[in-house]
Amino acid sequence: EKGPIRLESLEMLIEIYEREKDWTKAIATADQLLSAGTNESVERAVSHYYCELADKALSAGELPQAEKLLDKGECRFAANARICLLKGHVAFVSNNYQKAINELQQINGCDPVFTQQSIDLLRQCYEERGDGFAEFGDYLARCLETNPSISIVLAMADLRREHDGDEGVSRFIAEYLTVSYT
């Protein structure tokens, strides 16, 4: 039966599985709920459940399994910034720095709030490659336009300090404050 009571029961079951962190059962139950009709919020939640499973696989060093789970999550909700973050981490651990950079830079387009969570890993990718000061700086500048946050300003200031010294960082902060408040 697909009546309102059944749908409500499935929603309650999903909540229980979330509390228990039983992501596999949460996905299976969400699929039953989705069979009654597409619901973007449920698809988005399923995408996050796959992230939870992928994070667990990543912690266990099971990189191929983590990638498969992230791909499944991406099929459910492609604009999930957490998927990009985890894919970036998998690529970094696999020493595929360019792929990690590509994944991490997608975050700003998915959900700019998550951008600050990717900055340190993105910086490590550029450092491992041994280049990219200008490319990383350009990316941070684009992020500041779409999501002006203190963590991005601080990352840009650190980058300027390393490249241009204290004078360069002072110039950057002065320019940023002038642009921000006009």
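**Loops, helix packing and cores**

Mentor: Let us begin with Asn95, whose place is in the loop between helix 5 and helix 6 (97-105). Please keep in mind that this is a predicted model.

Trainee: What is the phi of Asn95?

Mentor: Phi of Asn95 is near 60°, which is a positive value in a residue other than glycine.

Trainee: And is Asn95 buried or exposed?

Mentor: Asn95 counts as exposed, because its relative accessibility is 53% and the cut-off for exposed is over 50%.

Trainee: Which loop holds Lys21?

Mentor: Lys21 is found in the loop that runs between helix 1 (4-20) and helix 2 (23-34). Although Lys21 is not a glycine, it has a positive phi of about 60°. With a relative accessibility of 59%, Lys21 counts as exposed.

Trainee: Changing topic: at what angle do helix 3 and helix 5 pack?

Mentor: Helix 3 (residues 40-59) and helix 5 (residues 81-93) pack at about 20°, and their axes are 10 Å apart. Angles under 35 degrees count as roughly parallel, and the two helices are therefore roughly parallel to each other.

Trainee: Is the crossing of helix 3 and helix 5 left-handed or right-handed?

Mentor: The crossing of these two helices is left-handed.

Trainee: Which residues meet there?

Mentor: From helix 3 come Ser47, His48, Cys51, Glu52, Asp55 and Leu58, and they meet Arg82, Ile83, Leu86, His89 and Val90 of helix 5. By class, this contact has five nonpolar, three polar and three charged residues.

Trainee: Now the interior. How many residues are in the largest nonpolar core?

Mentor: The largest nonpolar core has 28 residues, and those that touch the most other members are Leu104, Leu122, Cys125, Phe136 and Leu140.

Trainee: Which helices each supply at least two residues of this core?

Mentor: They are helix 5, helix 6, helix 8 (115-129), helix 9 (133-146) and helix 10 (150-180). Helix 10 gives the largest share of this core, with eight residues.

Trainee: What does Phe136 touch?

Mentor: Leaving out residues up to four places away in sequence, Phe136 touches Ile119, Leu122, Arg123, Tyr126 and Leu159.

Trainee: How many residues are in the other core that lies apart?

Mentor: The other core, apart from the largest one, has 25 residues, among them Val42, Tyr50, Leu86 and Val90. You have already met Leu86 and Val90 in the contact of helix 5 with helix 3.

Terms used:
Residues are numbered from 1 along each chain as its sequence is written. This is a predicted model: local features need pLDDT of at least 70, side-chain atom pairs count only at pLDDT 80 or more; totals for chains, interfaces and linings use all residues. Side-chain values use heavy atoms; hydrogens and water are left out. Axes are lines fitted to C-alpha atoms, for helices over the stretch in contact, and angles run from 0 to 180 degrees between N-to-C directions. Helices (H or I, at least four residues) and strands (E, at least two) are DSSP runs, numbered from the N terminus. Angles under 35 degrees count as roughly parallel, over 145 as roughly antiparallel, 65 to 115 as roughly perpendicular and the rest as oblique. A crossing is left-handed if the near helix is turned anticlockwise from the far one by less than a right angle, and right-handed if clockwise. Contact means heavy atoms within 4.5 Å. Ala, Val, Leu, Ile, Met, Phe, Trp, Tyr, Cys and Pro count as nonpolar, Asp, Glu, Lys and Arg as charged, and the others, Gly among them, as polar. Buried means under 20% relative accessible area, exposed over 50%, partly exposed in between (1.4 Å probe, protein chains only). A nonpolar core is a set of buried Ala, Val, Leu, Ile, Met, Phe, Trp, Tyr and Cys residues joined through side-chain atoms within 4.5 Å.
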